[in-house]
Amino acid sequence: MNALILATDNVNVAQNVAFGIIAAVMIFAALSVVTTKNVVHAALWLVMVLAGVAAQYVLAAAEFVAVSQVLVYIGAVMVLFLFGIMLTRAQIGKETGLNNKGWALGIPVALVLFGLLAWVIVDAFGDDVLPDRGPAPTVMLSDQFLSIYLLPFIAISFVLLAAAIGAIVLARKD
Amino acid sequence: MLAAEAAQLSSGWFLENVWLIALIPIVSFALIIAFGKHLPMKGSEIGLASMFASLVLATGTAIQWIQRTNSASGGEESLGMLQAFGRSMPRATEGEVQPFIEPVVHTWVWWSNGPLEFGIGSSASGLSVLLLWLVAFISLLVQVFSLDYVRGDRRYTHFFAAITLFSGGMLVMLMAPNMVQLILGWEIMGLCSFLLIGHWWEEEANSRAALKAFFTVRVGDVGLLVGTAIIFFGANAWAVDNLDSNGFDINAIQAWALSGEANSKFLLWGAIALFIACIGKSGQFPLHTWLPDAMAGPTPVSSLLHSSTMVVAGVFLVAQLYPVFWQAFDIGQGSLTFIAVIGAITIIIAALLAFVQDDIKKVLAYSTVSQLGYMMLGLGTGAWLPAVFHIFTHAFFKCCLFLCAGSVSHSGSHHSFDMKKDMGGLRKKMPITFTAWIISTLALTGIFPFAGFWSKDEIIDNVGNNGYTFLMWVGLGGAVLTAAYMTRATYLTFFGEPRGAAAGEHNGDEHSEEHEMEHISVGAHEPRSLGAAANAHGADDHDAHDDHHASDGPHESGPLLLIPIVILAFFALFAGLANPTPLASRFGEGIESMKKYVEPSSTPVAFEDVIATGPGESIMLVDGRVSASPNAEGAAGGEEGAGHSSGCGFDAPEPGTACFFPSVTHAEPSFNKILLSLGVVAAGYAVAIAFNIAFYGRKNKHLVGLTERSKVMRGGFLFLKNKYYLDALYENVIVRAVAHPIAKGTNWFNQNVLDATVNAAGEGARRTGVWVYDNIDQRIVDGAVDGSGWIAEETGHGLQSTQSGKVSQYGALLFGAAAVGAIVLVLVNVS
Amino acid sequence: MEPLTDQNWLLSVGTFLPLVGVLVMMFIPRSEEATHKLIGIVTAGATLAVGIFTLFAFDYSKAGRLQFFVDAEWIPVINAGYTVGMDGISLPLYILSMAVTFLVMIYSWDNMPDAGNPKAFFILMLILQVGMAGTFMAQDLILFFVFFELVLLPMFFMIGVWGGEQRKYASLKFFLYTMFGSAFMLVAFIALYFQTGATSFGFQHLIEAGAGIDHNVQVWIFAGMFLGFAVKVPMFPFHTWLPDAHTQAPTQGSVILAAILLKLGTYGFVRIAIPMLPEGAVEWAPVIGILAVIGIIYGALGCLAQTDMKRLIAFSSVAHMGFVMLGISTLTTFGINAALFGMVAHGLITGMLFFVAGSVKHRYHTLEIKRLSGMLIQAPRLGWILGFAAMASLGLPGLAGFWGEFPAILSAYSPNFGLSEPLFRTLMVIAAIGTVLAAGYLLWLYQRTAFGEPSEEFSDSHGAGVAHSLSSAANDDDHAHGGIYDVTPIEWIAWTPFLVGIVVLGVYPQLLFKVFNPGVSELVARLGETLG
Amino acid sequence: MLAVNFLLLGAALFCIGVYGVIARRNAVMVLMSIELILNAVSLNFVAFALMSGAIDGQVFALYVIAVAAAEVGVGLAMVLMIYRNRKSIALDELSEMKG
């Protein structure tokens, strides 16, 4: 696999190297999210993964998305998670029994799924090379938002509102 | 009006409105049902009035029919109203060729289904006019008889309603112009016989007998339905083209059968099917078991239905559609026909069984079956006229015999019919009944001046003449047996010393059919009988009945019973003179009025005449869509019969003409043949009487012990052996065990084999029904339906475990399924 | 033959009038039972009056053509029109349904089933009447299907609520079985719609266009329709719902079920399946014939095995419908006329038999044949009516039953359009034997229930009860005496039209044949043309 | 820079997320795994946006982020409620919805 990537001559090596490092870190972090015994560690590893993803967005010429990823995900969502962990009084340090009985079932399913996806991706996009374009100006993004995708934009606002109210109603004490 | 030219046949008001004869009884049936109970004589007066009206109309029709025949043969003498069947016949001119007299057909469109139209109405031909008069006359007499006989019965009105409906049904059948109306009359008679046999349906035996009668006749009716269908589809095309009527019209069927173009396959199968119906209705060999059991009905019913009129329906059907049977079984060619064989077997079987019966009515029933066998034998061997004449005479003396039996039981043996226990020596006490009985017995056995001789002897004579010598001897043997069992019955009833009720003991407990009448006497059923809606005046009739018995012991019956008996006896004596063929040589042809008026002539008639003439045009037919069999390959015209004359029945009529009746032969009466048959019968009498006196009278010691001493004597006596009337011990030890192999055998065979098969069929059908119902219907068909419900339920339970409520398991399932789906998609697309 | 469109409001009024009654009854509280019964009877009477007016307005000389024809827009999207019309074939059944409902309502004036609640009972009966009348007047497949299904619901509730012990099982089975059948029928209708160019569901159009469909498609479409109608008839393999439904249904339910609902199936064959799919009909005719004759023999054997009177009568109607289907399978004018007559006759006769069975149950509280006997002594008139109905049912000439069976047997002798004659002739002989079996089980039933002495089980209760003298005064107050009483005046009023009908049709069948004939001969002529 | 890289990475993250959902007993951990999956998807979106040059992919990525945020909000609220009633958020004990 790696040989395939490196061998292509007209690819600027720096991008590949950077991608490789970040990808490795992300995969390692993701694996440890799902395997660590400690809930808080899991949350932290998740932060690592999200940061990696943000970095990938930058590589993929999508700065605005990267920034919003960092802002929303790492900023807000992870904080929520930590709150969640705190409020559900997870023990400090190692916890036993985080995996349920049939956890072993997950491995084959994941592997089969990954094998399949990999095979399909390689088969479909095996050799086309990404054109290295400059980062897309954010104004284009906003045009899209407010013209073609206006309806989803409004819909998402409703979703967020509903989620907020829902969360409040659910979590209220009385 | 009479001297019309030959072609234009005279017709009169009576011939036109023959349908009135049948309509009156049916209408009066409705009246009796509606108002019967409130009338002074509880409905019986309506019945009597209707029968009398029918008789008057029938007589008028007969007279006009005679004028019509005379006018056809150019006879110029005018016929007075009285000479209908009187003895002194005017000498008709010796018309060389007797022209065919078309029946007067008068029909209305009853209903039409698709292209076919069905008419209802009347067709007055020689045969039907004769029998119409006969049925009306006999019904009137029987109704008069039953006025007194059935008095006091709880369902008096029902009885009269049913009897009037029966007469109506029979008259409808007799005058039927087409097969559908014939079936209508046929089935109404079946219904009435069911109602009348089961008149006292409280007893299980009576209702079972009624059911058995209805089923056996109904089995025959299948033949009627199928036969009508086959004949219809055979005859329809031909009838449409030539006679402009349809396949149901009886005249058309007659003409079609003899037209030579009839497809022999249709003819044969149609004739067999129709004959099965006749076997059922007229109690011939295989299906005769219901007739003796039908004696469970009241005596007037047995005398009217099961001796003179209803059972004759089968013979009438064969006689009416004679051309069909003539062609189908080639009766003309002298071959041993199916009908003759059945007739012969029936004669012998029934005569033998008559020996073994203790019940007087059973004896007469078997005698009727045997006489019917004679008629079938006659029809089967080409002796059409003697057979029809035998119907005519037989009706009188058999009905008279039954009425005498009824009167004997009514006032002689205290309502019991058992000759052994309750009769004997009644001749002194019941002189009139006795003389009537003797006259009728002599008539039945065919002694010279009496009616039976002229008809039965004629049948035997013609059978011999047509080349069936063996069957002739069977007929003579039958005559001997008849003489024998009638002597036995007469001896047991009227001679010897009185026994049981006849001796005056008033044993009230014995089981007899009139037992129901005494039901009303004090007893557990008091409230129920009062409650019985049918008989509003329960209280008074039962005491009227009592004084009747005050004068205990056998005595002569009342006038109402005797008048019919005397009239019938008179006819039993003189009816023969209606067609005394043996005297023809001395008094000339004209004396045979039956031959002249009743037997249709076999001269061909042009189609146009048939369609155009005749006051009632035959049924018009819209172009029939119903495809009949191609009548292209018509039966090869009857080739020259073996020695018999040619003519209608033998070679096809020239195109454009149709003949309606085969040319039947008439045996020349010869003196020695008459002597032979009379001698045989006399011998039968002599032996029987001698044996009776010796055996029952116990006068001759030598004879008494004869049966068990020598095998030869017993073998000899086998046929004439009279009843084993010995004291009980002697009877049980020896005679019963040995004496009657054949009689008992036939009776056993009759009960266990034939009856058993009928019952077994019923039981078998029921058991298959139960098996089919339990296994196929409930288990397989129903099971399949319930099974599908069960399967759905089981799969539901099976899948329930996947719904475990655990999120992770759902996740696993979800993604697992997604993965598998993806793999399948990939494989499919890749390959 | 273009239809006549004068007075075309008549049919719609005749069909939907009962709904007015239903509306009125809705607002009246359940407790006033008498008023409900009265309104029910008045509405049914009014509907019958409209029916009789239609009878007179009908032009018998043109009985072959559709009369009172209406062709209005209904659901344009699937071009299903509210096309409605009445010709000689459907008129008698249309009137019969109104008459039967009216008489059944009169009968239930004082013999309500034990579950009571006449409000719901009468409303259901009125809705049932709408369904039945609608099916006979519909000239559009979708309209026909709607009415065909509408009929199911009220009958389901009548059996389910007012029925006998296992009414749940019976009603569910009845409903699902018929739904199963009509599902296939709907598929067939739609297939037919598309095969004929998807322009309209009207009968006229489909009949003209139907012949055009190619051979084996016709056979398959006919198969779908056959399944739907065969379940309703019921024909041999699909009949198992009938005995259960009848045994559990209340008297009123089983009378209407036997008198009219069974006819929807056979009417469907004559009106829809055969004219629209000629080649399919010829292909399927032998199958229908064979199944019909099996039905006759199977029904008869079933009857011989029964111990319950009502179940026996149910099996007997399987046998009778066998004769009707035999008549239809010959595809001759003769046979189809006989089949239509057989439908009306069977309706009257079996309706009468169920009425008698119902009143026997009302009096003896059991229908076990073994325990019944001597009915002629305890209730003579009831016994004689049972005898009369049994005689009519076994096909005695002179009564209506005969004219349904005899021409059917006769027509089986020479079927139309090249159907194999030897096969149909054997069917004819077997059917003729079937008539003997019919006589067998009916008279056997009659002997065991009517003849003989009353069984002690009922006679002593009889003795103890009020002396049931003939005077009708005693049995007016029906609750006063529990025992066996004779026919009450209410029953007389309900039953006499049936009895008179059976006799009149028996004596003068031309009444009905005159009406059926033009329509049927036109149908067969058209079949002749299309089949060449 | 091959497009395959991004897509493979996305796929890997996705499968790890799936394993997480299946294996984990703790509700919060499952939510985290779902987060992983969502991120994998939005990574794919951006990759395709890059490949095809149209920025619709990025728009979708943003939407995914928004929805994910909402989803976590509600998810955690529910987890808290479960925790308050059950004092434990082990998923395999919550099986009242069993069929």
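**Helix packing in chain C and the nonpolar cores**

In this predicted model, the axes of helix α9 (residues 215–232) of chain C and helix α11 (residues 251–276) of chain C come within 7 Å of each other and cross at roughly 155°. Because angles over 145 degrees count as roughly antiparallel, α9(C) is roughly antiparallel to α11(C). On the side of α9(C), the contact is formed by F222(C), M225(C), F226(C), F229(C), A230(C) and K232(C), while α11(C) contributes L264(C), G265(C), G268(C), F269(C), I272(C) and A273(C). By character, the residues of this contact divide into nine nonpolar, two polar and one charged.

A273(C), which takes part in the contact with α9(C), also appears among the residues with the most contacts inside the largest nonpolar core, a set of 454 residues. The others named in this group are L132(B), M175(B), V315(B), F325(B), C400(B) and A572(B). Helix α7 (residues 204–243) of chain B gives the most to this core, contributing 23 residues. When neighbours within four places in sequence are left aside, M175(B) is in contact with V18(B), W19(B), I21(B), A22(B), S122(B), S123(B), A124(B), S128(B) and L132(B); of these, L132(B) is likewise listed among the residues with the most contacts inside the core. Apart from the largest core lies another, of 87 residues, which includes V34(A), L46(A), V77(A) and L130(A).

As to confidence, the model scores ipTM 0.61 and pTM 0.70. For chain D, the average pLDDT is 86, and 99% of the residues score at least 70.

Key: Residues numbered from 1 in each chain as written. Chains lettered and ligands numbered in written order. Predicted model: local features only at pLDDT ≥ 70, side-chain atom pairs only at ≥ 80, totals over all residues. Axes fitted to C-alpha atoms, helices over the stretch in contact; angles between N-to-C directions. Helix = DSSP H or I, 4+ residues; strand = E, 2+ residues; numbered from the N terminus. Parallel < 35°, antiparallel > 145°, perpendicular 65-115°, else oblique. Contact = placed C-beta atoms within 7 Å. Nonpolar A, V, L, I, M, F, W, Y, C, P; charged D, E, K, R; others polar. Core = buried A, V, L, I, M, F, W, Y, C linked by C-beta atoms within 7 Å. Buried ≥ 20, exposed ≤ 12 C-beta atoms within 10 Å, placed from the backbone. pLDDT = per-residue confidence, 0-100.
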